[in-house]
Amino acid sequence: MKNLLPLKWGLALLCLATNVFAADDGLRQNFAVNSHNSNAYTPESGGFSRDTQLTLKVALEEIYRVKGILFIYNDRQIEGINFPSQLLKLEVKPLITAIDKILTSHQLRCSKLNNKQYLIVALSEKDAPAAQLAEQPRKPAVVISGNVRDGIGNPLPGVTVKLSRSGKGVITNAAGHYAIDAEPLDTLEFSFIGYKRQVQPVRNRLEMDITMEAEEGGLNEVVVVGYGKQRKISLIGAQTGIKIEELKQPVRNLSTLLAGRLAGIIGVQRSGEPGYDDAQIWIRGISTFTDSRPLVLVDGVERPFSNIDPEDIESFNILKDASATAVYGVRGANGVIVITTKGGKAQKTQINADINKGITQFTRLPHYADGVTYMKMANEATTTRGGTAQYSDEAIRKTASGEDPELYPNVNWIDEIFRKNGSNKRANLNMRGGTDITSYYVSLSYYDEIGLFKRDDLARYNSDIKFTRYNFTSNLNMKVTKTTRLEFGVQGYIGNGNYPGTGTDAIFDAAIKLPPIVHPPKYSDGKIGGQRTGDVTNPYDLLTQTGYATEFRNQIFSNIRLRQDLGFLVKGLSFTSMFSFDSYNLHKMARTKTVDNWIATGRDADGKLIFEQTRIGSNYLSYARSNGGNRQFYTETALNYDNTFGKHRVGGLLLYNQSDKIDAFKDDFIGSIPRRQRGLAGRGTYSWNDKYLAEVNFGYNGSETFSPNRRYGFFPSAGLGWVVSGENFFQPATNVIQFLKFRFSYGLVGNGEILDGDNIRRFAYIPIVASTTGYTFGKDRNNNFNGYDIGEYASDVTWETAKKTNLGMEITTFRDKLNIQVDVFKENRKNIFLRRSSIPAMIGLRSNPYGNLGKTENKGIDISIDYNYKIGAVQLNLKGNFTYNRNKVIDDDLPAWAYPYLERKGQKIGQRFGYIAEGLFADSAEILRSPVQNGNVRPGDLKFKDINGDGIINAYDQSAIGYGSVPEIVYGFGCKCSI
């Protein structure tokens with residue numbers, strides 16, 4: 001029950017959001033949700049108690065909903081005025097009289113515009129002119145005013161605001177302010193070059209603030225950067241975004257979609273197991289011997305993103321160079337993925353539903369030899385070396401004929417355990433809307449996947465491989481005052497997985513190793529086949545007869561952010577503060593067994609199989625469980641500045657953040673200590689006429705890994721940009737090239753995490769005492785003593801640092817149809833954490849201490865191309881991307897090798913070494929005149945190259961081979977047609 005509490009909280013919030021906004025009909029609705037007011041009106045009740053006192057605002061909105069009478073007012077005018085609910089039962093005329101009487105006591109009154117519209121004015125104001133009392137007044141009745149801003153929050157001067165009905169309009173002033181005469185039933189249109197046109201109904205609003213949304217791909221488009229937003233034209237850092245539509249694929253895991261869709265992303269998926277199909281992701285490849293995973297931020301907080309529903313994502317960007325990532329300091333060395341989920345919008349409620357179904361199958365599988373081929377090759381292998389044949393001609397004939405498949409099986413183990421296809425399905429239902437005061441986004445989604453493994457339909461339990469997930473999201477934006485906004489969000493998921501009792505790796509391994517002729521998967525009488533000896537088990541047995549395992553996961557992300565505009569103190573200044581709490585829980589339960597195994601050795605006189613039992617098992621399920629989980633607290637506070645002075649634009653950021661993460665189920669003392677990080681970040685930007693750009697960034701971070709005198713590191717960066725197409729001398733060329741921009745950045749980023757396999761070495765400056773299996777003494781080495789020794793020695797290490805250089809170019813040509821972005825990069829990393837390899841083993845250390853010993857270099861290029869063309873009513877979009885990177889080991893602290901070609905320095909990180917095959921031996925004479933090979937060599941065997949020329953093939957003849965396990969080149973392309 002304890003694990004269900006986050007779910008209940010999330011559902012309660014979702015219900016609250018639905019109650020508040022489900023009745024939205026385009027009016028500004030501010031229902032007063034007050035826990036101590038038992039008489040407050042709620043839409044569900046359908047009425048009021050006899051003595052209910054409503055706020056006048058709620059009453060007027062109810063009158064509009066039920067009777068169609070529209071009252072136009074200013075919120076401040078009627079604040080604090082109550083209205084008896086029983087008066088709502090009156091007819092229209094006495095109801096208006098009652099409202100007017102209540103208003104009179106507050107020095108207000110109703111001014112009739114027509115039979116369906118009333119304006120609430122001060123008691124001293126005169127009535128509207130008689131011409132306005134007609135059903136359709138000819139002259140405007142009210143003045144609508146407000147401010148227009150861009151996506152960053154800066155005022156937008158020059159925006160056209162006009163009436164849809166008449167076409168009359170005004171232009172926003174230098175502060176982005178406008179005022180226009182309009183009728184209550186009018187609709188306002190807001191338009192500006194480079195921004196999407198917005199249409200807003202007036203209804204009962206006297207004030208209307210608008211945020212303009214830039215056209216996608218345009219220069220005014222607002223993009224997410226480290227700890228903030230910037231206009232695309234002023235961007236200096238190297239970063240790439242992706243359209244969210246491209247992420248809406250029938251897959252569970254977002255990480256499997258990125259490679260080939262985003263320039264700079266290297267990705268490898270090594271498993272397709274439902275629930276465990278995460279891809280390994282690198283930004284611009286690998287640059288270190290330790291952890292190369294990028295930092296992932298979801299709504300500004302470090303979080304996993306694999307289980308986020310793509311329908312809930314607003315923007316997805318990757319930050320690649322030092323200018324973009326230096327503000328993250330210690331965490332930004334490997335690049336950053338920044339994801340922002342959808343928030344509310346001031347619009348009429350939109351309800352969207354999305355359902356899709358997918359088919360899954362293997363991309364490719366190796367083809368294995370059948371039983372007859374296997375037997376013939378096994379005979380050839382033994383007889384050519386002087387042995388006797390393992391399989392008789394009779395056995396081969398019966399295997400080929402299939403006349404007795406239980407004694408002479410010919411099993412395709414891949415077909416026995418795998419289906420041809422798996423399937424998945426995804427559904428999402430979301431609502432988005434609200435007003436300029438309160439807006440919301442709520443979403444529910446469902447994902448279900450069935451894997452490719454088969455199951456035993458006769459089993460009394462379900463060992464099917466399956467994963468089901470339920471996501472929920474509720475984001476609420478509220479305008480508390482004219483200058484204060486509050487954002488509250490809760491996202492999470494519940495996941496259930498079902499798996500065979502044996503791990504899928506072991507099942508697949510057995511399927512490719514077990515020969516096809518040993519035994520059938522299952523005999524006709526139900527006995528499970530199993531060989532007498534050997535380390536390879538029947539894969540069918542592992543899949544269907546070893547029980548089942550279930551998993552329950554739940555994750556909740558929550559954050560609350562306050563945004564305060566401080567323009568009343570300093571123009572362009574704002575303040576933001578955010579707190580988040582995340583919780584993850586995992587519960588695994590395994591009910592497993594090991595059944596009897598048998599092998600048939602022949603048939604008796606009656607033709608019945610003769611069995612030998614090869615394993616004694618049990619049909620009863622055992623039980624085991626395990627738990628995991630963590631909790632994380634994060635807070636940040638920042639001051640932002642953005643202002644223009646004529647053609648000058650200046651921006652700044654100063655931010656403090658701190659995180660605290662606890663592993664709730666660690667079973668060792670150090671692991672149970674919360675992991676804490678703390679840092680400062682800063683940024684300064686300048687542009688002149690959107691033509692000359694400059695930016696400086698810094699991160700100042702602390703880490704628990706290092707001793708107190710080395711704990712904090714400073715990581716600065718700087719960048720310059722030049723919009724060449726903005727120059728006067730370039731204007732003659734704008735018919736050919738419409739936009740041309742160059743970017744350059746250089747900076748320092750850091751890494752403070754020592755990763756050894758899956759373990760993190762914490763508090764590296766403190767030695768760790770650990771138990772040992774014991775020391776052995778005595779003449780016969782039979783005296784054993786357990787004890788303690790130093791498991792990890794103290795290391796006075798400091799930050800791993802990376803110097804990153806990036807040169808970028810952006811070009812738009814073919815009359816704005818073709819956009820190309822090219823970035824060339826180079827990274828030099830030093831002080832990489834490595835165990836000291838130069839310490840000889842004779843010293844007797846249990847584990848060598850760490851040092852800042854490694855040096856690497858990584859360089860490459862990434863390119864994005866986007867082409868848009870319209871043919872009649874058909875919009876054609878072609879896009880592609882290309883990423884290339886090559887890393888090199890400069891220093892790895894390994895002793896000098898016997899030969900230069902064995903040296904790991906100068907090679908790629910993780911470079912494979914092995915023998916070079918020159919071909920096959922043609923005859924015995926060639927074997928005799930060739931270098932001595934390993935083993936009993938015969939004609940037809942591989943001939944290996946003697947690299948050092950000593951006449952013997954051994955470890956000194958290995959050299960660098962292959963390309964490694966991480967690709968250097970990744971590319972993708974595609975097209976989209978729409979009407």
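The legends below describe close-up views of a predicted model.

**View A. Strands β33, β34 and β35 pair in succession.**
Strand β33 (residues 675-688) runs antiparallel to strand β34 (residues 692-703), and twelve bridges join the two. Within this pairing, Arg678 has Gly702 of β34 as its bridge partner. Three residues lie between the strands of the β33 and β34 hairpin, where Asn689 adopts a positive phi near 60 degrees. Strand β34 also pairs with strand β35 (residues 712-723), in the antiparallel sense and over eleven bridges. In that second pairing, Phe698 is found opposite Pro716 of β35.

**View B. Helix α7 has a buried face.**
Helix α7 spans residues 393-401, and its buried residues are Ala395, Ile396 and Thr399. These buried residues line one face of the helix, because they fall within an arc of 100 degrees when seen down the axis of α7. The general geometry of helices is relevant here: an α-helix has 3.6 residues a turn, so residues three or four places apart point the same way. The buried residues of α7 pack against α6 (371-383). Just after α7 comes Gly402, with a positive phi of about 70 degrees.

**View C. Helices α6 and α7 cross in a left-handed manner.**
A packed pair of helices is described by the angle between the axes and the distance between them. For α6 and α7, the axes come within 9 Å and cross at roughly 160 degrees. Angles over 145 degrees count as roughly antiparallel, and α6 and α7 are therefore roughly antiparallel to each other. The crossing in which α6 passes α7 is left-handed. On the α6 side, the contact is made by Gly371, Val372, Met375, Lys376 and Asn379; on the α7 side, by Ala395, Ile396, Thr399 and Ala400.

**View D. Five strands form an open sheet with mixed pairing.**
The strand order in this open sheet is β15-β20-β21-β18-β19. Strands β15 (239-241) and β19 (301-302) stand at the edges and have a single partner strand each, so one side of each is left without a neighbour in the sheet. At one of these edges, β15 is joined by three bridges to strand β20 (residues 313-319), and the two run antiparallel. Thr240 stands opposite Ile318 of β20.

**View E. Strand β6 lies between β9 and β12 in a three-stranded open sheet.**
The order of the strands is β9-β6-β12, with mixed pairing. The edge strands β9 (177-182) and β12 (210-211) each pair on one side only. Strand β6 (residues 142-149) runs antiparallel to β9, to which it is joined by six bridges. Gly146 has Tyr178 of β9 as its bridge partner.

**View F. Lys466 and its contacts.**
Lys466 is placed in strand β25 (residues 466-479). Partly exposed residues have a relative accessibility between the limits of 20% and 50%, and Lys466, at 32%, therefore counts as partly exposed. Leaving aside residues up to four places away in sequence, Lys466 touches Asp448, Glu449, Ile450, Asn496, Gly497 and Asn498. Between Lys466 and Ser626 the separation is 160 residues in sequence and 19 Å in space, taken from C-alpha to C-alpha.

How values were computed. Residues numbered from 1 in each chain as written. Predicted model: local features only at pLDDT ≥ 70, side-chain atom pairs only at ≥ 80, totals over all residues. Heavy atoms only, no water. Pairing = 2+ DSSP bridges. Helix = DSSP H or I, 4+ residues; strand = E, 2+ residues; numbered from the N terminus. Buried < 20%, exposed > 50% of the residue type's maximum accessible area, 1.4 Å probe, protein only. Arc of directions from axis to C-beta. Contact = heavy atoms within 4.5 Å. Axes fitted to C-alpha atoms, helices over the stretch in contact; angles between N-to-C directions. Parallel < 35°, antiparallel > 145°, perpendicular 65-115°, else oblique. Left-handed = near helix turned anticlockwise from the far one by under 90°.
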